[in-house]
Structure formats: structure tokens, C-alpha cells
Amino acid sequence: MIINVKFNFNALCKKILCQQLDAMGLAYTLRGIGEIELKTTPDKQQLLSIAENLSDFGIEIISDQQTALVQRIKDAITLLVNGDEDAQKYNVSTYLSEKLDYSYAYLSNLFSEVTHTSIENFVILKKIDVAKALIINKDLTLTEIAYKLNYSSVAHLSAQFKKTTGLTPSTFQKIIQKRKERILAQQ
Amino acid sequence: MALHTLNIALADDDEDDRLLFKDAIEEIKIKTKLSLFTNGKELMDYLMLPNIILPEVIFLDLNMPVKNGMECLKEIRNNSKLRDLSVAIYSTSSSEKDIEETFISGANIYINKPNSFGDLKSAIEKVLQLNWQYQTSALNRDNFLLRI
């Protein structure tokens, strides 16, 4: 039997962080997206062991401030796209500047400098990434997916999908399906 | 990061195409270090060397002597050290069947060799930009498909 699962990344990451930090006996507060406040300042050795423990889960400590902020922008966009209920009401710029407490102009410039793309493009990329997962899953129709991801119409979603990937949603679905079948056949 | 240099590999038996690609990639804003190979076997021998820095993206011509692009693609996807590399097929063929077959065999990107230098530049730039997002963000790489 095959079951499909959906992840809540925010809950997942918080849970793992808490478990690990608790296990290391640290006092801390999680401060929103991607920021942890430690009650005591750990020495170098301790910091290394925190980094090592977390790296098993693919969690990295970011040392440079700019990269850290860009990562927080990306995480906020992920939350926004994955359907943070409050978020749907805002546009991206208001949402990011409120959530991260910087002006949108500053965030937008920084993002473009560091990532080879713009915040607007990244949001599209994220939305299409979620759309891909939903298309593969086959539980929802394209119309339902368009609604869920806040597109004004299914035509708009299809056009943006084609522009981003060079493929139509149905060609994409067919390719991934055949790829899976081939991998299964090889095993 | 914008200052990070990307390692790129191209395997193509046509010398003119290699030179054109080299000129194009040097003109785009993203900093790259390009390694060129004249057939698939040269490329695969290089990738299997110990201690090399693996390229972020491999551009593969389909029709090459000794070992063609399709054989390389399959070897890359069946090798645990190379499996996660991004592979871009770079070919003159625009047959839907060829395109679909390369995607099913594990290619991430399919580029029809563009007719103009400007188009080639923008195609390479688009590939490198998008690939960078897949390398640095929580995007699902299994679903990374791009056709240009």
C-alpha cells in the first residue's frame, strides 16, 4: 500500500529544534522564523556541538547576518505559500516587512544581491513548487489547485507554470509519472 | 551567494558549439568556471576522479561519439556520488519524443540549441539562476524540470 503524506515544515522544524536544544540542556526561546535566542552565551566548543547535533537534521547555523536574513525571507515566503491563514490576506511586501520588521525596499535589494533572483520571482518559484507536488498527488483538480494557491484563474496558473518550467502541467504530470514507473521497474 | 563561483561542465563533440558556449557563459553576470569535454567518456572519466569539485550543472550534448549524452545521463543517475547533480541536455533535436525520454531518464533541463548568441546567453543565465534556487532553497529537486 502507498500512502501520501503532507508536511507542515514549520511544526516539524520547531519540534526538532526543541527536542535537540532540550536534550543539550540549553535555555532558549524560539523567536519566530529561523531565530533562536539562547539565554546564556555558549563558548566555542558548545556552539560547535550544537551545530554538529543540528546538522544531522539538515539544520545549519548561519554565521553571516545577510545570509541569515535572506534565509528568513525564504522561510517566511514558504509559510506564506503553504497557506498560513493570516498571510492570505496580505500582499507579499506587507507580509514580509511586518513579519521581519525591515522595510520591503531593504529586503528586496538584499535578496536580489545575494540570490541571483528577486523576491517576486522566488514567490512564483515557491508557488509552482507547491503546485507541482499537488499536481503529482492527483487528489485535486487544476482548478482547485489554482484556488488554493490564490491564482485568479486556472488559466493564470497554467500560464505561470508554463513560463516557469517550459512545460504544461499535464506534460509535467505525465513525465514524473513515467519516471516513477521506470524507477519502480528497475528495482 | 552572488560572489560564489559556479562550476559548470559541458560535453559536446562540436568545437564551434563548445567555443560559442564558452563565450556566452563568460558574458553573463554569474561567475563560473567552465570545464569542457569533447565526448561523454571524457566527461565520465573526469567525474569519477577522486577529490574533484563536482560541477553544479552538467550540460550534455545528445549525439557524441564514444559515449553519447543519454548514456552519460543514465550513468550519472545510477551513481550514488553523482546522482544529485543537475543535468541539462543541450541538443539540436526538438523531437517531443527525445525531450520526453531525456526527462524520464532523469534530466532536469532540456535546451534546444538556440540559433543566436543572445538567446544562448539568456538560456544559460536562466538555467544557472534557477539551478541556484534549487541548490540554496527548500525546493523539491525531484520535481526540477525546465524546458527552454
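**Note on a predicted two-chain model**

1. From the N terminus on, the elements of chain B follow the order β-α-β-α-β-α-β-α-β-α-β, which comes to 5 helices and 6 strands. Helices here are DSSP runs of H or I with at least four residues, strands are runs of E with at least two, and both are numbered from the N terminus. This is a predicted model, in which local features need pLDDT of at least 70 and side-chain atom pairs count only at pLDDT 80 or more, whereas totals for chains, interfaces and linings use all residues. Residues are numbered from 1 along each chain as its sequence is written, and chains are lettered from A and ligands numbered from 1 in the order in which they are written.

2. On confidence, chain A has an average pLDDT of 87, with 96% of the residues scoring at least 70; pLDDT is the predictor's confidence in each residue, from 0 to 100. Among the elements of chain A, the lowest mean pLDDT, 83, belongs to helix α2 (residues 44–55), and the highest, 95, to helix α8 (residues 154–165).

3. As to overall form, the C-alpha atoms of chain B fill a box of roughly 35 × 35 × 30 Å along the principal axes. Chain B has a radius of gyration of 14 Å, which agrees with the value near 15 Å for a compact globule of 148 residues; the radius is taken over C-alpha atoms, and the globule rule is 2.2 Å times the number of residues to the power 0.38. Of the 148 residues in chain B, 32% are buried, a residue being buried if 20 or more other C-beta atoms lie within 10 Å of its own, exposed if 12 or fewer, and partly exposed in between, with C-beta atoms placed from the backbone. Among contacts in chain B between residues at least 6 apart in sequence, 67% join residues at least 24 apart, where a contact means that the C-beta atoms, placed from the backbone, lie within 7 Å.

4. Two domain annotations come from unreviewed UniProt entries; their positions are in the numbering used here, feature names are shortened, and such annotations may be inferred rather than shown by experiment. In chain B, "domain: Response regulatory" covers residues 7–128, a span that is 42% helix and 20% strand and whose end C-alpha atoms lie 10 Å apart. In chain A, "domain: HTH araC/xylS-type" is listed for residues 96–175, where the chain is 78% helix and 0% strand, with the end C-alpha atoms 35 Å apart.

5. The UniProt record, an unreviewed entry, lists Asp61(B) under "modified residue: 4-aspartylphosphate". Asp61(B) sits in the loop between β3 (57–60) and α3 of chain B, and it counts as buried because it has 25 C-beta neighbours inside 10 Å. Beyond its neighbours within four places in sequence, Asp61(B) is in contact with Ala11(B), Asp12(B), Asp13(B), Gly69(B), Tyr90(B) and Ser91(B).

6. Leu85(B), in the loop between α3 and β4 of chain B, counts as partly exposed, because it has 17 C-beta neighbours inside 10 Å. Its C-alpha atom is separated by 6.4 Å from that of Glu56(B), although the two are 29 residues apart along the chain.

7. In helix α4 (residues 96–104) of chain B, the residues Ile99(B), Thr102(B) and Phe103(B) are buried. They cover an arc of only 100° around the axis, which puts them on the same side of α4(B); the arc is that of the directions from the helix axis to the C-beta atoms. The buried residues of α4(B) pack against α9 of chain A together with α3 (69–77), β4 (86–91), β5 (109–112) and β6 (146–147) of chain B.

8. Helix α4 (residues 92–100) of chain A has Tyr95(A), Leu96(A), Lys99(A) and Leu100(A) as its buried residues. These cover an arc of only 100° around the axis, which puts them on the same side of α4(A). The buried residues of α4(A) pack against α3 and α5 of chain A, and the helix is followed by Asp101(A), with a positive phi near 65°.

9. The contact between the chains takes 21 residues from chain A and 18 residues from chain B. On the side of chain A that touches chain B, the elements giving two or more residues are α3 (65–81), α5 (104–115), α6 (119–137) and α9 (169–186), and the largest share, 6 residues, comes from α9(A). By class, this side has 8 nonpolar, 6 polar and 7 charged residues, with Ala, Val, Leu, Ile, Met, Phe, Trp, Tyr, Cys and Pro counted as nonpolar, Asp, Glu, Lys and Arg as charged, and the others, Gly among them, as polar.

Definitions and conventions:
Contact = placed C-beta atoms within 7 Å.
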